[in-house]
Structure formats: structure tokens, C-alpha cells
Amino acid sequence: MHDTNLFFDPSLRLTVVFATVLMLGLLLKFWLSSRQIRHVAQHRDQVPAAFAQTITLVAHQKAADYTVAKARVGLVEMALGAVVLLGWTLLGGLSALNQWLAPWLGVGLLQQLAVLVGFALISGLIDLPLSLYQTFVLEEQFGFNKTTLKLWLMDMVKGSLIGALIGLPIAALILWMMGASGGLWWLWAWCVWMGFNLLLLVIYPTLIAPMFNKFTPLQDDAVKARVTALMQRCGFSAKGLFVMDGSKRSAHANAYFTGFGAAKRVVFFDTLLSKLSPAEVDAVLAHELGHFKHKHIIKRIVSMFAMSLAGFALLGWLATQTWFYTGLGVMPNLTAPNDALALLLFLLVMPVFSFFVSPLLAQLSRKHEFEADAYAMQQTSGQDLSTALLKLYEDNASTLTPDPVYVAFYYSHPSASERLARMLPTPA
Ligand SMILES: [Zn+2]
């Protein structure tokens, strides 16, 4: 096989690069998590001075314990993820699945689709125990879990059915295009993918989300009056204000905007309304409006499209290179299409490399959060926004003392102390 100079074999080179980058990423992730665990544990015994008046030691310690417990489960998840990834690639899992299905289904579109389905089923099964543990042990232990095993199972069945109903046709279409639309298939496939994502933006809030939660028009008149006035002041129109029964599954609170254009709607979790005063709800909503005013949403969608175009172009090239398969532990079909294999390998391996740019994206996201906070302060009050945030941090048991390096790498939102420092007038 490799009888020529090994170093110049592109297949072997990919294997070495992939294994090395995977290992480096794993070491970096473990280092970051251990920093976070150590930092939070070290600050467990004292509420930071800035929060001494507002947060009790008990709440502070609960947040510390929750953060550490989550990070520990995260370590297991990372290790398991790396093993599974190696199993699919270099250890030959994907190749075996492909070869096992070939004699049954022949070669062609059906077999390729079966590879995707088989992969999704096996991955789902592997993820199941940890997912159960997270909901029914970790979240339960800290009093956040409100779901029952029955509801959880129903969610899973519903989710899988809807996923199959929507995912199978789109997957079949993309596989078909890969085989039938020539060298520029990736461009056409990208167009289909874009259209599909835009469609999801419309049907998710109106058709899919209501299958999992109940959405009722906002009844609370005090909140309604304030929110309507705020939206008018900021020049926003929405199709409606809704309350979602988030408490059915979890005690975590949230509020969000969904849809776009005329289909925009505002959704409050019932858990949020029960915890915040009308003025605080107003401030939280103003923060969300800030994201719209600064065009963060549209920027995010556009950059997602640009990145997926680059991804499809790269995949278009890689799918034609034999070393892309063999270097990642897959024996390509010699007389049949390899499109599903190319797609899966790409989706599996890409995150290993893109992890290293995640601090840049997180940094950008934190900048956007500061801008949204500033907007909310203009439109409502920094005082209301800060008390709302503190309540949410406390209720979600978010730590007030994260490790700064961990924050720089992972946090999509700035830490509480950084955000509050900008909201409240600093004492002279
Ligand atoms: Zn935000």
C-alpha cells in the first residue's frame, strides 16, 4: 500500500494532521475546563464585593456547585465525543456502516440515504445516556428539571419524527444534487440549503414550536401596556406577544424574538414573567430589541450563509479527493457514489478544526451583547436591566466568578460583573 515515501502520501498526511489537531483541541478543552472548575471552586466561599448586597452566599454557592457539576459532565462529554469521533473515522466505523449496508440496498441514492439514517440513529443512541443524565440527574439535583420521563420520551419521539419528515427529503435532495448536477453541485446545494433555512425561520415558530409548547397571547395588562409602549417607542411591530409554558420542562427563564418580517413575534417564558417585575421584563425585551436595532440578527444570518457557502465549496473539492476518505479511515466505494460518506466526514471533522476560531466568534457575540445592553439602557433603565439580569443569573445559577480565559473562549455573553459594571453608575 504505502510503499512510496510515507511523508508525501496525502492520505497519511491527513491522518496525521487530523489526529494531531484533534489531540491538541482536546488538551486545550480539558485545560480550559479545569481552569474554570478551579477558579469557580476557589471563589466559592465569598460573594464578590460588587454583589455582596444583592446575592446571598447560599445562592452564590449553589451557582458555584452547579457550574462545577456541569463542567465535570462536560469533561466526560468531551472525552466520549473524541472516542466516538475516532470510532467513526480512523477506527473505521463509518466505513463499516457503508459496507454493511451496500449488499442490502445495492449502490446508489437509497444506500447513501441509509448511511445517513444509520449514522443519525447510532449517534442518537450513543448520546442518549448522557442526555438522560443531564436532565434527570444534573438538572434535577439543582432543582431545574421539571420534565417527566414520559414527556422526555414523547419529546424525543416527536423530535425524531419531525426531524425525519423534514430532514429526509432535504438530505435526499442534496445527495441527488451531489450526484446529478455536475462539478458545481455544491453551489446548487448551497442554494437549496439557504432556502431550507429561510423556510425553517418561518415554519419553526408557527408550526414546529407549538408541537412542543403551548403559546398563549400575553394576558398580563401591566406588562402588555409597558411592552407595547416600548415597542412603539423603538419603532417595532410584531405579530403578537406570546407566553410559552417553559415551566413544563425546566425552571430556566428566557425571552426571545422569533420569525422575521411581518411574522415576527415576541415570546416570553412563563418562568420569566413569574420572576421579573413589569419594568424588568421591559428592560429584558429592550435588550432583545437592541439586537434588532443593531442588525445583529441579520448579520448573523448573512455570516452563517457566507460560512456555509465556503463550507460547501470546500466539500465540493474534498469529495473528489481519494485521500479525503482514506486519510479519515473510510474505504470509498469504487463504482458507486460516495456522497453521504463525504458529507458525514465533513460534518464530523470540520468542528475539530473550527474550534480554534471559536474565541473570535464568542468575542464578536459579547460585543453584540454590550451593544444590546447599551440600547436597553437608553430605552428603559440601567437599574431595571441590572436587577433583571441579577435575578436571571441567580435563578439560572450562573456563576458570578467564571475564569477569564474560559470566558474569552466560550462565553457568548460577557460575565455578569462586566455587564453590570456598565449599567450602574460607579461610586466615586
Ligand atoms: Zn442578548
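Leaving aside neighbours within four places in sequence, which residues is S95 in contact with? The views below start there, and keep in mind that this is a predicted model.

**View 1. S95 and its partners from farther along the chain.** With neighbours within four places in sequence set aside, S95 is in contact with G329, V330 and M331. S95 itself sits in helix α3, which covers residues 93-105. Its relative accessible area comes out at 7%, so S95 goes down as buried. For M331 there is also a polar pair to look at: its backbone nitrogen lies 2.9 Å from a polar atom of the S95 side chain.

**View 2. N145 in the loop between α4 and α5.** Here we're looking at the loop that links α4 (109-141) to α5 (149-180), where N145 is found. Is N145 buried or exposed? N145 has 9% relative accessibility and therefore counts as buried. Its side chain has two polar partners to pick out. One is the side chain of E140, with a polar contact at 2.8 Å. The other is the backbone nitrogen of T147, which the N145 side chain reaches at 3.0 Å. Skip the neighbours within four places in sequence, and N145 is in contact with T135, F136, E139, E140 and R249.

**View 3. The zinc ion and its protein donors.** Three residues supply the protein donors of the zinc ion: H287 and H291, each through NE2, and E369 through OE. They lie 2.0 to 2.1 Å from the ion. Written as a sequence pattern, the donor residues are spaced H-x3-H-x77-E. The two histidines, H287 and H291, share helix α9 (residues 278-293), where they are 4 residues apart, or about one turn of the helix. Both H287 and H291 are buried.

**View 4. Helix α9 from end to end.** How far apart are the end C-alpha atoms of α9? They are 22 Å apart, and since 16 residues at 1.5 Å a residue should span 22 Å, the two values agree. The helix is mostly covered, with 12 of its 16 residues buried. Among the buried ones are A283, V284, L285 and A286, along with the zinc donors H287 and H291. Charged side chains turn up in that buried set too, including E280 and D282. Just after α9, look for K295, which takes a positive phi of about 60 degrees.

**View 5. The four-stranded sheet.** This is an open sheet with mixed pairing, and its 4 strands come in the order β1-β2-β4-β3. At the edges are β1 (215-217) and β3 (255-258), each pairing on one side only. On average, neighbouring strands are turned by 30 degrees against each other, direction ignored. Zoom in on β1 and β2 (residues 241-244) and you'll find an antiparallel pair joined by 3 bridges. Within that pair, P217 has F242 of β2 as its bridge partner.

**View 6. Two helices packed on the sheet.** Helix α7 (residues 221-233) packs on the sheet and touches β2 and β4 (265-269). The direction of α7 makes about 130 degrees with that of β2. Helix α9 packs on the sheet as well, touching β3 and β4. Its direction makes about 35 degrees with that of β3. This view also ties back to the metal site, as α9 is the helix in which H287 and H291 lie.

Technical notes
Residues are numbered from 1 along each chain as its sequence is written. This is a predicted model: local features need pLDDT of at least 70, side-chain atom pairs count only at pLDDT 80 or more; totals for chains, interfaces and linings use all residues. Side-chain values use heavy atoms; hydrogens and water are left out. Buried means under 20% relative accessible area, exposed over 50%, partly exposed in between (1.4 Å probe, protein chains only). A polar contact is a pair of N or O atoms within 3.5 Å; within protein, one must be able to donate a hydrogen and the other to accept it, and residues adjacent in sequence count only if both atoms are side-chain atoms. Contact means heavy atoms within 4.5 Å. Donors are N, O and S atoms within 2.8 Å of the metal (3.2 Å for Na, K and Ca); water is not among the atoms, so sites may look incomplete. Two strands pair if DSSP finds at least two bridges between them. Axes are lines fitted to C-alpha atoms, for helices over the stretch in contact, and angles run from 0 to 180 degrees between N-to-C directions. The expected span of a helix is 1.5 Å times one less than its number of residues.
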